[in-house]
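Subject: Handing over the structure

Hi,

Here is the structure I promised to pass on to you. Have a look at it first, and then read on for what turned up in it.

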Amino acid sequence: MAKHVGVKLPEDLLTLLKSEQALAILATFSEKGLPHTTPIQCIYPKGMESILMSIHKDHTGYHNMVWQKKVMLCIIGKNNVAYSVLGRAGVVRAPSLIHPLMNVVRIDIIDIKSDRSMLTRVDEGVAWTYTSPEAEELMVALMNELKELVTTL
């Protein structure tokens, strides 16, 4: 994948992604032009210009990004900021070493836009919890895989 020099993660977004509590909404389009969104919790920054994420290999969003490459991530953080990250996706590990149905994707950042609402305020961002101890174990292992890949890619 080509690197897009000059577009870097803002410091507060980098901190949010490293917290392992970020929730991104992945937006893709199908070959027929139909939009698709999905929440992604297993997401981690790779330096200042890329983001790694884990996604199920049979997920519609995964198939769309493999076909189209261009994706949008919306990440809501503290201080009333919603980041829109436009990027180019590429598979870096299929399957994941952690689970045979999960794949790892790198998103190279093309552009970042931040918005603030004038009428409402996000005080704490988006909070989420695990659905089960097994889900927590899987997510922790997948996140550790992303952090390991950050050092080897």
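Let me start with a hairpin. Strands E3 and E4 form a hairpin with 3 residues between them, and in it Gly 47 has a positive phi near 70 degrees. Please keep in mind throughout that this is a predicted model. E3 and E4 run antiparallel and are joined by 4 bridges; across the pair, Pro 45 stands opposite Ile 51 of E4. The side chains of E3 are worth a look too: Ile 43 and Pro 45 point one way, Tyr 44 and Lys 46 point the other way, and all of them are buried.

Now for the sheet around this hairpin. It is an open sheet of 7 strands in the order E2-E1-E5-E6-E7-E4-E3, with antiparallel pairing. Which strands stand at the edges? They are E2 and E3 (43-46); each has a single partner strand, so one side of each is left without a neighbour in the sheet. On average, neighbouring strands are turned by 35 degrees against each other, direction ignored.

Within the sheet, E6 (residues 81-93) and E7 (residues 102-115) pair in the antiparallel sense over 11 bridges. If you want a spot to find on your screen, Leu 86 stands opposite Asp 111 in E7.

Two helices pack on the sheet. Helix H2 (residues 60-68) touches E1, E2, E4, E5 (70-77), E6 and E7, and its direction makes about 55 degrees with that of E1. Helix H3 touches E3, E4, E6 and E7, and its direction makes about 10 degrees with that of E3.

H3 also takes part in the second largest pocket, which holds about 250 Å³ of space. This pocket is lined by 16 residues, and the closest to its centre are Gln 41, Ser 54, Ile 55, His 56 and Met 102. Strand E2 (35-40), strand E4 (50-56) and helix H3 (133-152) each supply at least two residues of the lining. H3 gives the largest share, with 4 residues. As for character, the lining divides into 10 nonpolar residues, 6 polar ones and no charged ones.

Next come a few backbone details in the loops. Most residues other than glycine have a negative phi, and most peptide bonds are trans. Here are the places to check against that:

- Glu 20 is not a glycine, yet it has a positive phi of about 65 degrees. It sits in the loop between helix H1 (11-18) and E1. Glu 20 counts as partly exposed because its relative accessible area is 26%.
- Lys 69 also has a positive phi, near 75 degrees, in a residue other than glycine. Its place is the loop between H2 and E5. With a relative accessibility of 29%, Lys 69 is partly exposed.
- Ala 94 and Pro 95 are joined by a cis peptide bond, with omega about 0 degrees. Pro 95 belongs to the loop between E6 and E7.

One last residue: is Ser 30 buried or exposed? Ser 30 lies in the loop between strand E1 (24-29) and E2. Its relative accessibility is 16%, and buried means under 20%, so Ser 30 counts as buried. Leaving aside residues up to four places away in sequence, Ser 30 touches Asn 64 and Trp 67.

Happy exploring, and best wishes!

Conventions
Residues numbered from 1 in each chain as written. Predicted model: local features only at pLDDT ≥ 70, side-chain atom pairs only at ≥ 80, totals over all residues. Heavy atoms only, no water. 1 Å grid on protein atoms, 1.4 Å probe; cavity = no way out; pocket = protein on both sides within 12 Å on 5 of 7 lines; lining within 4 Å. Points joined across faces, edges and corners; volume = space filled by probe spheres on them. Nonpolar A, V, L, I, M, F, W, Y, C, P; charged D, E, K, R; others polar. Buried < 20%, exposed > 50% of the residue type's maximum accessible area, 1.4 Å probe, protein only. Contact = heavy atoms within 4.5 Å. Pairing = 2+ DSSP bridges. Axes fitted to C-alpha atoms, helices over the stretch in contact; angles between N-to-C directions.
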